[in-house]
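Reader: I would like a close look at the aromatic side chains of this model and what surrounds them. Please take it step by step and keep it plain.

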Amino acid sequence: MAMPAAKRQRRSRSLALLILPALVIQFVLAEVPFLVTLWLAFQRWNFQFFPNRQFTGFGNFRTIFGDGTFVPAVVNTFEMVAVSVALVVVIGTLAAKVLNFEFVGRGVARTLVMTPFFIPSAALAYAFNDIIYRPASGLWTYFLGPLGAPTSPTSSHPLMSITLVEIWQWAPLATVIILASMQAIPRDIMEAAQIDGASRLRTFWRVELPLLRRSILVGAAISAIFIFQTFDAVQIMTQGGPGNESMTIAYYIYREVFQNFDVGGGEAAGLVMLLFVIVVGLIGGIAFRVLRSDLNRAQGQRVTEAGE
């Protein structure tokens, strides 16, 4: 029986009133700061000269791209994200494959594999800095020093040192996402490949891996978005140095606002980083839709062939 129009309207008003507080909180906590950031990005405002603020248009953007530090920070950020995401996906896929096998203690291993993800990023950076990368007595020097590795990787290879921390933190998330998708693959598909004589390696490469493309893409997109915002490891381990070798966009923003007191320049850099994150998210969304349509088309062809 259809609901009367008046009753539907009252119900719609009631639902609107119920979600109104959440919308107000969302607007205050998310949209208002964004609007303030957008406004400040076009203002020349330095905390050292607090009352003096003037509209500068795109002056802040011209300043940050011409100061000789922001462009290296952008390059370093993209390099760190590219290397980190690639290794996160590879390590996550291989770890998920291992954890998908039957062995004694598999449940404990699946629990422990998520441990690095739940450690706060600052604590993880301190652990790497004081336990692994310590020049005189760190694990890096103890195991890799005899092989000729540098005794202080945070000084000789600062960006690589930060990248390893990000890989350690985000590989477990990719492992869990891919493992969940791997367990959802129908067993009859894998058994059919084995009956046809395919080896385990060929079954993984030709059958299993294509079915994991969507979960791999999701893990890569989530990791990329968060690695773009890396700050703790840079602040604790290298402070952007030596020189600008480990400077990232997030640390550049911090330095501009809280060390140089240039609010306008920091907000302009923040908008640039937000643009990069949005682009990464859009690329991931488009790729996800393309992969989903390809998989749906392939499944439709299999159904048609089965019917014939």
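Author: Aromatic pairs and their surroundings

The count of aromatic pairs comes to 18. Phenylalanine 58 and phenylalanine 61 make one such pair: their ring centres are 5.9 Å apart and their planes meet at 50 degrees, so the pair is tilted, since the range from 30 to 60 degrees is neither stacked nor edge-to-face. Phenylalanine 58 has 52% relative accessibility and therefore counts as exposed, the cut-off being over 50%. Phenylalanine 61 has a relative accessible area of 15% and is buried, because buried means under 20%.

Tyrosine 142 and phenylalanine 143 form a pair with another geometry. Their ring centres lie 5.0 Å apart with the planes at 85 degrees, so this pair is edge-to-face. Tyrosine 142 and phenylalanine 143 are both exposed. Elsewhere, one aromatic cluster is made up of Phe117, Phe118, Trp170 and Phe226.

Phenylalanine 61 leads on to the nonpolar interior. The largest nonpolar core has 57 residues, and those that touch the most other members are Phe61, Ile64, Phe70, Val85, Met237 and Tyr252. Helix 9 (residues 158-183) gives this core its largest share, eleven residues. For isoleucine 64, leaving out residues up to four places away in sequence, the residues touched are Phe70, Tyr252, Gly265, Ala268, Ala269 and Val272. Two of these, Phe70 and Tyr252, are also on the list of core residues that touch the most other members.

Tyr252 lies within the residue range of helix 14 (residues 249-259), and glutamate 256 is found in that helix too. Is glutamate 256 buried or exposed? Its relative accessible area is 7%, so glutamate 256 is buried. The side chain of glutamate 256 makes a polar contact with the side chain of asparagine 260, at 3.0 Å. Apart from neighbours within four places in sequence, glutamate 256 is in contact with Phe261, Asp262 and Gly266.

A word on confidence is needed, as this is a predicted model. The mean pLDDT of the chain is 84, and 90% of its residues reach 70 or more. Over residues 302-308, however, the pLDDT is below 50, and this stretch has zero contacts in the model beyond near neighbours in sequence. Where pLDDT is low, the predicted coordinates should not be read in detail.

Methods
Residues are numbered from 1 along each chain as its sequence is written. This is a predicted model: local features need pLDDT of at least 70, side-chain atom pairs count only at pLDDT 80 or more; totals for chains, interfaces and linings use all residues. Side-chain values use heavy atoms; hydrogens and water are left out. Rings of Phe, Tyr and Trp (its six-membered ring) pair if their centres lie within 6.5 Å; planes under 30 degrees apart count as stacked, over 60 as edge-to-face and the rest as tilted. Buried means under 20% relative accessible area, exposed over 50%, partly exposed in between (1.4 Å probe, protein chains only). pLDDT is the predictor's confidence in each residue, from 0 to 100. Contact means heavy atoms within 4.5 Å. A nonpolar core is a set of buried Ala, Val, Leu, Ile, Met, Phe, Trp, Tyr and Cys residues joined through side-chain atoms within 4.5 Å. Helices (H or I, at least four residues) and strands (E, at least two) are DSSP runs, numbered from the N terminus. A polar contact is a pair of N or O atoms within 3.5 Å; within protein, one must be able to donate a hydrogen and the other to accept it, and residues adjacent in sequence count only if both atoms are side-chain atoms.
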